[in-house]
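Trainee: I have not looked at this protein before. Could we go through it in questions and answers?

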Amino acid sequence: MALVLAPPHFSRARRSRGALLALALSALTALALASCGSSAPKSSATKTLAAPLISEHFTRLPCNHATTIGLEGCAETQLLEGDHRIDAEVKLLFTLVPAVQKKALVHSENTFLAYRHATCLTYSDVYKGGSFQPVEYALCEVRVDNEQSSVLHGYFNLAQSGASHSLKWP
């Protein structure tokens with residue numbers, strides 16, 4: 001299953017950062033609470049889910065610190081690295097969590113991507129109409145990816161504490 005993030009549309013209405021943070025935190029809380037009831041019986045009819053993957057839709061630009069377009073390319077490189085790291089982390093979590101929690105993890109990742117998109121639109125709107133707007137959007141996505149990686153690591157530690165086998169974090 002691929003998670004698709006559409007290209008940014010800078011004309012969307014701004015949302016407050018606090019409301020978006022509350023949405024993300026409530027989704028992560030729901031995911032953590034779902035892990036508390038992991039002893040529920042597993043149905044043989046449970047649909048097998050695949051770990052979600054982040055899919056970006058842009059033509060990658062070359063990195064060049066001397067131009068604005070080049071800075072956007074550098075940010076895109078960092079973003080793709082962060083996306084691949086998150087994909088590996090989620091894939092690892094999929095091997096660790098019970099089947100009943102996988103659906104919640106997929107939902108959490110979808111919520112994360114919506115949060116990342118909305119938050120970065122708000123941040124990049126500071127440069128609305130300027131050539132630095134897409135650079136700030138991509139840099140914001142890199143920052144939010146780093147935060148999500150920390151959240152996933154915390155979830156891994158929580159899930160690992162109840163696991164019957166030991167795994168290594170990527």
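**A buried charge network and two disulfides**

Mentor: Start here: glutamate 56 forms a salt bridge with arginine 116, and their closest N and O atoms are 2.8 Å apart. Keep in mind that this is a predicted model.

Trainee: How many residues apart are glutamate 56 and arginine 116, and where does each one lie?

Mentor: Having seen that glutamate 56 and arginine 116 form a salt bridge, place each partner in the chain. Glutamate 56 is in the loop between β2 and α2, while arginine 116 is in helix α3. The pair therefore links distant parts of the chain, and the separation is 60 residues.

Trainee: Is glutamate 56 buried or exposed?

Mentor: Buried means under 20% relative accessible area. Glutamate 56 has a relative accessible area of 17%, so it counts as buried.

Trainee: And is arginine 116 buried or exposed?

Mentor: The same cut-off of 20% applies. Arginine 116 has 0% relative accessibility, so the residue counts as buried.

Trainee: Which residue of helix α2 does arginine 116 pair with, 33 residues apart?

Mentor: Arginine 116 forms a salt bridge with aspartate 83, with 3.0 Å between the closest N and O atoms. This pair also links distant parts of the chain, arginine 116 being in helix α3 and its partner in helix α2. The partner is buried at 3% relative accessibility. The residue asked for is aspartate 83.

Trainee: What is the N to O distance in the salt bridge of arginine 116 and aspartate 145?

Mentor: The side chains of arginine 116 and aspartate 145 meet in a salt bridge. The pair links helix α3, which holds arginine 116, with helix α4, which holds aspartate 145, 29 residues apart. Aspartate 145 counts as buried, at 0% relative accessibility. The N to O distance is 2.8 Å.

Trainee: Which residues do salt bridges that share partners join into one network?

Mentor: Arginine 116 forms a salt bridge with glutamate 56, and arginine 116 also forms one with aspartate 83. Arginine 116 and aspartate 145 meet in another. The network joins Glu56, Asp83, Arg116, Glu141 and Asp145.

Trainee: How many salt bridges does the structure hold?

Mentor: Side chains of opposite charge can pair when their charged atoms come close. The cut-off for a salt bridge is 4 Å between a side-chain nitrogen of Lys or Arg and a carboxyl oxygen of Asp or Glu. The count for the structure is seven.

Trainee: How many disulfides are there?

Mentor: A pair of cysteine sulfur atoms counts as a disulfide within 2.5 Å. Cysteine 63 and cysteine 74 form one, with their sulfur atoms 1.8 Å apart. Cysteine 120 and cysteine 140 are joined by another, at 2.3 Å from S to S. The count is two.

Trainee: Which parts does the disulfide of cysteine 63 and cysteine 74 tie together?

Mentor: The link of cysteine 63 and cysteine 74 is right-handed, with 85° about the S-S bond. Cysteine 63 is partly exposed at 43% relative accessibility, whereas cysteine 74 is buried at 8%. The two cysteines are eleven residues apart in sequence, so the pair ties the loop between β2 and α2 to helix α2.

Trainee: Which helices does the pair of cysteine 120 and cysteine 140 tie together?

Mentor: With -80° about the S-S bond, the link of cysteine 120 and cysteine 140 is left-handed. Cysteine 120 lies in one helix and cysteine 140, 20 residues away in sequence, lies in another, so the pair ties together helix α3 and helix α4.

Trainee: How far does helix α2 reach from its first C-alpha to its last?

Mentor: Helix α2 covers residues 68–96, which is 29 residues. At its start, a side-chain oxygen of threonine 67 comes to within 2.8 Å of the backbone nitrogen of glycine 70. The reach of helix α2 is close to the 42 Å expected at 1.5 Å a residue, and its value is 42 Å.

Trainee: In what order do the elements of the protein run from the N terminus?

Mentor: The protein has four helices and two strands. From the N terminus on, the order is β-α-β-α-α-α.

Trainee: What share of the 170 residues in the protein is buried?

Mentor: The residues just discussed include buried ones, such as cysteine 120 at 0% relative accessibility and cysteine 140 at 2%. Across the 170 residues of the protein, the buried share is 40%.

Terms used: Residues numbered from 1 in each chain as written. Predicted model: local features only at pLDDT ≥ 70, side-chain atom pairs only at ≥ 80, totals over all residues. Heavy atoms only, no water. Expected span 1.5 Å × (residues − 1). Polar contact = N/O pair within 3.5 Å; in protein donor to acceptor, adjacent residues only side chain to side chain. Buried < 20%, exposed > 50% of the residue type's maximum accessible area, 1.4 Å probe, protein only.
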